[in-house]
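Please open the structure in your viewer and keep the selection panel at hand. The tour below moves from one selection to the next and tells you what to look for at each stop.

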Amino acid sequence: MIRKLLILTALIAFISSNAVFAAIKNQKGDTVMENSAKENYAKTILFPVGEPNTAYQKYFTGQSFIYPISTQQVKMFNVTFEPKCRNNWHIHKAKEGGGQILIAIGGRGYYQEWGKEPVEMHPGDVINIPANVKHWHGAAKDSWFSHIAVEVEGNDTENIWLEPVTDEEYNKLK
């Protein structure tokens with residue numbers, strides 16, 4: 001009887017601690033300890049999720065995060081999208097060379113070129129984006145998504161940010 005009571009007490013304590021753990025707030029009302037979906041997802045990918053992508057936030061619907069893998073020679077960043085997050089349509093302009101390579105490393109996402117059907121992306125998928133091609137990429141509605149974005153060197157390169165992917169366009173995805 002005591003053993004059953006101890007097991008029941010431990011189970012209740014475990015359930016309660018998880019409920020409390022997800023809801024502890026400081027005096028400002030900020031969550032200070034949280035076993036969040038982001039933290040759980042971060043455990044499933046090779047590179048860190050990184051920091052909120054504040055520099056480019058205006059070009060995204062939803063929250064994205066960025067972690068620099070390499071900023072010398074070949075620039076590579078782990079870009080992580082929360083569910084439903086996607087970037088605007090954009091073009092990697094270049095007179096010669098240029099473009100971008102996406103290497104999916106976690107979750108499920110999409111890539112779409114203007115005028116073409118969306119391509120579902122899973123870990124291990126690689127998308128080669130030639131320069132001067134209008135496109136977008138981001139997470140599926142129900143999944144976090146991470147890809148390594150590789151900037152392809154070129155002459156007279158520039159990123160041109162365009163209109164957001166509309167909810168109507170995005171909601172047609174699986």
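What follows is a walk through a predicted model, taken stop by stop.

**Stop 1: a strand and its partner**

Begin by selecting strand S14, residues 135–139, and ask yourself whether this strand is enclosed or open. Five of its five residues are buried, so S14 is largely enclosed by the rest of the structure. Now add strand S11, residues 109–113, which pairs with S14 in the antiparallel sense over five bridges. If you show the side chains, you can find glutamine 112 standing opposite tryptophan 136 of S14.

**Stop 2: aromatic rings**

Next, display the aromatic side chains; the structure holds ten aromatic pairs. One of them joins tyrosine 59 and tryptophan 161, whose ring centres are 4.7 Å apart and whose planes lie at 10°, so this pair is stacked. Tyrosine 59 belongs to the loop between strand S3 (51–52) and strand S4 (60–61), while tryptophan 161 belongs to strand S17 (residues 158–161), so the pair ties together parts that are 102 residues apart in sequence. Tryptophan 161 counts as partly exposed, because its relative accessibility is 22%. Extend the selection to Tyr56, Phe60, Phe81 and Phe145, which together with Tyr59 and Trp161 form one aromatic cluster.

**Stop 3: asparagine 88**

Select asparagine 88, in the loop between strand S7 (86–87) and strand S8 (90–93). Is this residue buried or exposed? With a relative accessible area of 6%, asparagine 88 is buried, and its side chain reaches the backbone oxygen of leucine 162 at 3.0 Å. Leaving aside neighbours within four places in sequence, its contacts include Tyr59 and Trp161 from the stacked pair, as well as His135 and Trp136.

**Stop 4: charges over rings**

Now select arginine 86 together with tyrosine 170, and you will see the charged end of the arginine sitting over the tyrosine ring, 4.2 Å from its centre. A further place to look is lysine 134, which lies over the face of tryptophan 89 at 5.8 Å from the ring centre.

**Stop 5: the nonpolar cores**

Which residues have the most contacts inside the largest nonpolar core? That core has 15 residues, and the ones to select are Phe81, Leu102, Tyr111, Met121, Ile127, Ile129 and Phe145. The elements that give two or more residues to this core are S6, strand S10 (100–107), strand S13 (126–129) and strand S15 (145–151), and the largest share, three residues, comes from S6. Apart from this core lies another, of seven residues, among them Trp89, Ala140, Val165 and Tyr170. Returning to the largest core, centre the view on methionine 121, which touches, among others, Leu102, Ala104, Tyr111, Ile127 and Phe145, when residues up to four places away in sequence are not counted.

**Stop 6: two loop residues with positive phi**

Finish with the backbone, where most residues other than glycine have a negative phi. Glutamine 73 has a phi near 55°, a positive value in a residue other than glycine, and you will find it in the loop between strand S5 (64–70) and strand S6 (76–81). Its relative accessibility of 79% is why glutamine 73 counts as exposed. Aspartate 156 also has a positive phi, near 55°, and its place is in the loop between strand S16 (154–155) and S17. At 54% relative accessibility, aspartate 156 counts as exposed, since the cut-off is over 50%.

Technical notes. Residues are numbered from 1 along each chain as its sequence is written. This is a predicted model: local features need pLDDT of at least 70, side-chain atom pairs count only at pLDDT 80 or more; totals for chains, interfaces and linings use all residues. Side-chain values use heavy atoms; hydrogens and water are left out. Buried means under 20% relative accessible area, exposed over 50%, partly exposed in between (1.4 Å probe, protein chains only). Helices (H or I, at least four residues) and strands (E, at least two) are DSSP runs, numbered from the N terminus. Two strands pair if DSSP finds at least two bridges between them. Rings of Phe, Tyr and Trp (its six-membered ring) pair if their centres lie within 6.5 Å; planes under 30 degrees apart count as stacked, over 60 as edge-to-face and the rest as tilted. A charge sits over a ring if NZ of Lys or CZ of Arg is within 6 Å of the ring centre and within 35 degrees of the ring normal. A nonpolar core is a set of buried Ala, Val, Leu, Ile, Met, Phe, Trp, Tyr and Cys residues joined through side-chain atoms within 4.5 Å. Contact means heavy atoms within 4.5 Å. A polar contact is a pair of N or O atoms within 3.5 Å; within protein, one must be able to donate a hydrogen and the other to accept it, and residues adjacent in sequence count only if both atoms are side-chain atoms.
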